[in-house]
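Student: I would like a close look at one part of this model, taken slowly, with the reasoning spelled out.

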Amino acid sequence: MKIFTCKNEFNDYFAIIIPYFHHKEHTMNAFISGFSLGFSLILAIGAQNAFVLKQGIKKEHVFIICLVCALSDAILIFFGVSGFGYLVEQFPSLQTVAKYGGFAFLFVYGLKSFYSAWSMSHELSPLDQPTPSLAKTILLVLAFTWLNPHVYLDTVILLGSVSTKFGSLAPLFGFGAMSASFLFFFSLGYGARILTPIFIKAISWKILEVLIGIVMLSLAFMLLGL
């Protein structure tokens, strides 16, 4: 146990220990703020989340899908915290390319979902269909992530600008946001299998495909401001 022999020694001790706890508190605030903001930005239903949910139910390449989504988010968050958001603001053409590329991709995928819902046999369970190749699945995940212009606004510019208020603790803020992405995507991907008993019936898949199609087309036209 620490025994103080004089008042000056007592003051010197607290002069050291108080800034330590003060710094530790700011450190936790930076991490928690990054985690909370990052989690809230990816929580909303979107094209990427709908795809992860669907593949999680089908139990197809779940780990790789979740890993690619989380790593993509981590890269974008790193760019944002590192100041890449400033470049995106200076060169709007980057968002324009992503805007129209994202529209084309989401529009085609939305139509594909409606076609799947219409053509799917009531006797055939989608769980028994051939699993798409890993390469094709990864390309789809990358397209859902990198062709979404909102990801540059939310993940790069918004998170990047908020991180500046934490000064030297900005990297910890970014790490908190990255942690939220990993937790969310792996929870969504592996938690989706709880719904598997419901999707034994093909009619459930028809409904899911229609809902996904609506989400994809809605997001596609939203990108164009329609």
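In which helix does Pro149 lie, and what can be said about the aromatic rings elsewhere in the chain?

Tutor: Please keep in mind throughout that this is a predicted model. Pro149 belongs to helix α7, which covers residues 149-163. With a relative accessible area of 9%, Pro149 is classed as buried, because buried means under 20%. Along the chain Pro149 and Lys99 are 50 residues apart, and yet their C-alpha atoms are separated by 5.4 Å.

Another helix, α6, takes in residues 134-146, and here the length can be checked: the expected span is 1.5 Å times one less than the number of residues, so 13 residues should give 18 Å, and the end C-alpha atoms are indeed 18 Å apart. Within α6 the buried residues are Thr137, Val141, Ala143, Phe144 and Thr145.

Now to the aromatic rings, where a pair is described by how far apart the ring centres are and by the angle between the planes. The model holds 14 aromatic pairs when centres within 6.5 Å are counted. One of them joins Phe35 and Phe39, whose centres are 6.0 Å apart and whose planes differ by 15°, and this pair is stacked. Both residues sit in helix α1 (residues 7-43), four residues apart, which is about one turn of the helix. Phe35 has a relative accessible area of 26%, so Phe35 is partly exposed, and Phe39, also at 26%, likewise counts as partly exposed. The pair of Phe184 and Phe185 is arranged in another way: the ring centres are 5.3 Å apart and the planes stand at 75°, so this pair is edge-to-face, the class for angles over 60 degrees. Both Phe184 and Phe185 are buried. These four rings belong to a cluster in which ring pairs link Phe31, Phe35, Phe39, Phe175, Phe184 and Phe185.

A residue that touches members of this cluster is Ser179, which is placed in helix α8, residues 170-191. The side chain of Ser179 comes to 2.9 Å from the backbone oxygen of Phe175, and Phe175 is itself one of the clustered rings. When neighbours within four places in sequence are set aside, Ser179 is in contact with Phe31 and Phe35. Taken together, Phe35 appears in the stacked pair with Phe39, in the cluster of linked rings and among the contacts of Ser179.

Technical notes
Residues numbered from 1 in each chain as written. Predicted model: local features only at pLDDT ≥ 70, side-chain atom pairs only at ≥ 80, totals over all residues. Heavy atoms only, no water. Phe/Tyr/Trp six-rings, centres within 6.5 Å; stacked < 30°, edge-to-face > 60°. Helix = DSSP H or I, 4+ residues; strand = E, 2+ residues; numbered from the N terminus. Buried < 20%, exposed > 50% of the residue type's maximum accessible area, 1.4 Å probe, protein only. Polar contact = N/O pair within 3.5 Å; in protein donor to acceptor, adjacent residues only side chain to side chain. Contact = heavy atoms within 4.5 Å.
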